[in-house]
Amino acid sequence: MCIRDRPSPAPLRVAVVGPCASGKSTLIAALRAAGYDARHPAQEHSFVPDMWRRLVDPDVLIYLDLSHEAYRARRPHDDAGPEYLEMQRRRLAHALAHADLVLDTSALTGEEVWARVAAALPSQLAPTSEA
């Protein structure tokens, strides 16, 4: 994982991108609960290829993906076809090319996604709590 040098002890800034229903909100909540500055730049809805960088300028960029089958299971009342995910993936292509971590969440629970991400984040950059 390529992490930029940080001049201050501020929490690690993490951007989470991916198609709708890939688990971004769940992961961001877990990251924030652990003390990270986690954000979702809504790249999947933007025609600006590097919106993720302009809005967040993250230390770590995480890309979550999922299959159309997983999308349909998570959003059973949404009638979007596979072309909807493909459109979002085109909008996410720049972020995918620059991602520090790419994770297919199709067969994973939110807890499993968090466990894999937590294991991938460098422990020396994890937030610390002061008494």
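**Charge pairs and nonpolar cores**

Arg89 and Glu86 both sit in helix 4 (residues 82–98), 3 residues apart, which is about one turn of the helix. In this predicted model, their side chains meet in a salt bridge, with 2.7 Å from N to O. Glu86 has 40% relative accessibility; because partly exposed covers values between 20% and 50%, Glu86 counts as partly exposed.

The Arg89 pair is one of 6 salt bridges in the structure. Side chains of opposite charge can pair when their charged atoms come close. Elsewhere, salt bridges that share partners join Arg13, Asp37 and Arg39 into one network.

Asp37 is the residue to follow through this network. Asp37 forms a salt bridge with Arg13, and the closest N and O atoms of the two are 3.7 Å apart. This pair links distant parts of the chain: Asp37 belongs to strand 2 (residues 37–39) and Arg13 to strand 1 (residues 13–17), with their positions 24 residues apart in the numbering. Asp37 also forms a salt bridge with Arg39, where the closest N and O atoms are 2.9 Å apart.

How buried or exposed are the members of this network? Asp37 has a relative accessibility of 22% and so counts as partly exposed. Arg13, at 24%, is likewise partly exposed, and Arg39 is partly exposed with a relative accessible area of 30%.

The nonpolar side chains come next. In soluble globular proteins, nonpolar side chains tend to be buried together. The largest nonpolar core here has 17 residues, of which Val14, Val16, Leu27, Leu31, Ile62 and Val117 touch the most other members. Several elements contribute to this core: strand 1, helix 1 (24–33), strand 3 (60–65), strand 4 (101–104) and helix 5 (110–120) each supply at least two residues. Strand 1 thus appears in both parts of this account, since it holds Arg13 of the salt-bridge pair and also supplies residues to the core.

Leu27 shows how the core is put together around one residue. Which residues does Leu27 contact, leaving aside neighbours within four places in sequence? They are Val16, Ile62, Leu64, Val113, Trp114 and Val117. Among these partners, Val16, Ile62 and Val117 are also listed with Leu27 as core residues that touch the most other members.

Apart from this core lies another, made of 8 residues, among them Val17, Tyr63, Leu92 and Ala95.

Note on methods: Residues are numbered from 1 along each chain as its sequence is written. This is a predicted model: local features need pLDDT of at least 70, side-chain atom pairs count only at pLDDT 80 or more; totals for chains, interfaces and linings use all residues. Side-chain values use heavy atoms; hydrogens and water are left out. A salt bridge is a side-chain nitrogen of Lys or Arg within 4 Å of a carboxyl oxygen of Asp or Glu. Helices (H or I, at least four residues) and strands (E, at least two) are DSSP runs, numbered from the N terminus. Buried means under 20% relative accessible area, exposed over 50%, partly exposed in between (1.4 Å probe, protein chains only). A nonpolar core is a set of buried Ala, Val, Leu, Ile, Met, Phe, Trp, Tyr and Cys residues joined through side-chain atoms within 4.5 Å. Contact means heavy atoms within 4.5 Å.
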